[in-house]
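New to this one? Take a look at the model below, and then we'll walk through a spot on the surface and the place where the ligand sits.

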Amino acid sequence: IEWTPIKEFKEILFSQHGGIAKISINRPQVHNAFTPLTVDEMIEAMDICRNRTDIGVIVFSGEGGKAFCSGGDQSVRGHGGYVGENAVPRLNVLDLQKMIRSIPKPVIAMVAGWAIGGGHVLHVVCDLTIAADNARFGQTGPNVGSFDGGFGASYLARVVGQKKAREIWFLCDQYDAQEALAMGLVNKVVPLDKLEETTVAWCHKILQKSPLALRMLKSSFNAELDGQAGIQELAGNATLLYYLSEEAKEGKNAFLEKRQPDFSKFPKFP
Ligand code: 1HA
């Protein structure tokens with residue numbers, strides 16, 4: 001599969017294949033642990049994906065075949081967060097998690113090897129996960145002095161159920177791809193050498209669907225869980241659709257033409 005670079009970064013690769021964008025952590029020497037810079041670069045790439053109307057689906061992955069992501073880079077963990085070049089400690093991966101959930105396009109985690117700690121949470125918040133048979137999943141927080149009580153706890157529990165989510169966090173065990181499939185944590189397991197091809201095939205299926213229907217569905221799934229922020233996303237899509245209508249355009253045109261709007265011709269549906 002031919003991937004064309006979209007933009008050069010230091011710690012991630014960002015490329016596209018038709019309507020598919022791929023954001024891949026490129027720190028295989030530390031199992032793709034992330035620093036504040038890695039996360040900032042992923043946030044910038046996500047923003048580009050959001051604004052590009054030719055991108056319909058985003059794939060998250062890690063380079064090297066041995067790890068998707070092993071979470072926050074413990075060697076740059078300082079007092080209060082992960083420390084970047086500007087010496088400011090950050091937990092900016094939480095912003096990235098929110099972006100994955102709110103971008104109105106499906107995000108697929110393509111997991112080879114380790115998806116651990118904050119790296120596990122990243123795959124959890126993606127819309128879909130396709131795992132290679134060498135994938136290993138788990139949380140480590142209580143081992144290494146951390147926890148993610150946000151989506152990492154509550155959304156995980158929505159995905160695998162309360163009992164299993166508590167087991168994952170309280171025991172910090174690691175689960176293989178088949179166990180992950182059995183608990184509904186991943187959508188599909190394939191041999192490692194079929195991982196990218198299968199993921200791209202899923203993306204092509206998605207790209208043939210109505211983008212507005214997908215957008216409405218993603219925000220609908222979120223709305224139930226995300227309170228006012230979830231309703232804001234869903235309602236934003238309702239506004240988008242309304243703006244496409246003649247009825248809404250009549251309001252705008254009347255204002256610009258300095259006349260009273262005439263909404264009388266529009267039906268009052270039952
Ligand atoms: O909890 C949060 C957050 C919570 C709230 C808000 C924000 C958060 C942001 C982040 C996080 C977290 O991610 S906390 C959890 C951090 N991650 C971990 O605890 C996983 C650490 N890694 C491991 O347990 C293991 O490396 C492994 C089970 C994934 C793989 O084991 P394996 O195959 O034995 O490989 P290993 O030899 O351990 O790793 C290879 C190299 O990668 C090692 O370096 P080397 O000795 O070759 O120099 C290893 O140190 C390095 N490495 C792996 N993971 C990390 C890492 N270096 C830094 N940070 C890592 N996370």
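## A nonpolar patch on the surface

Let's start on the outside. L212, L241 and L244 together make a nonpolar surface patch of about 240 Å². Keep in mind that this is a predicted model.

Where does L212 sit? Look for helix α9, which covers residues 211–225: L212 is found there. And how open is L212? Its relative accessibility is 33%, so L212 counts as partly exposed, a label for values between the buried cut-off of under 20% and the exposed cut-off of over 50%.

## Who surrounds the ligand

Now over to the ligand. There are 24 residues around it, and S70, G72, G118, T140 and S146 are the ones that come nearest.

What kinds of residues make up this shell? By class, it has 11 nonpolar residues, 11 polar ones and two charged ones. If you want elements to look for, try helix α2 (93–102) and strand β10 (114–116): each supplies at least two residues of the shell.

## Polar contacts with the ligand

Zoom in on the oxygen atoms of the ligand. One lies 2.6 Å from an N or O atom in the side chain of S146. With G72, the partner is in the backbone instead: a polar backbone atom there is 2.8 Å from a ligand oxygen. Q29 also takes part through a polar backbone atom, at 3.5 Å from an oxygen of the ligand.

How much of the ligand does the protein bury? Taken alone, the ligand exposes 1,100 Å², and the protein buries 64% of that.

Key:
Residues are numbered from 1 along each chain as its sequence is written. This is a predicted model: local features need pLDDT of at least 70, side-chain atom pairs count only at pLDDT 80 or more; totals for chains, interfaces and linings use all residues. Side-chain values use heavy atoms; hydrogens and water are left out. A residue is near a molecule or strand if one of its heavy atoms lies within 4 Å of it. A polar contact is a pair of N or O atoms within 3.5 Å; within protein, one must be able to donate a hydrogen and the other to accept it, and residues adjacent in sequence count only if both atoms are side-chain atoms. Accessible areas come from the Shrake-Rupley method with a 1.4 Å probe; for residues, only the protein chains shown count as cover. Helices (H or I, at least four residues) and strands (E, at least two) are DSSP runs, numbered from the N terminus. Ala, Val, Leu, Ile, Met, Phe, Trp, Tyr, Cys and Pro count as nonpolar, Asp, Glu, Lys and Arg as charged, and the others, Gly among them, as polar. Patches are made of residues with over 30% relative accessible area and no salt bridge: like charges are joined within 9 Å, nonpolar side chains (Val, Leu, Ile, Met, Phe, Trp, Tyr) within 5 Å. A salt bridge is a side-chain nitrogen of Lys or Arg within 4 Å of a carboxyl oxygen of Asp or Glu. Buried means under 20% relative accessible area, exposed over 50%, partly exposed in between (1.4 Å probe, protein chains only).
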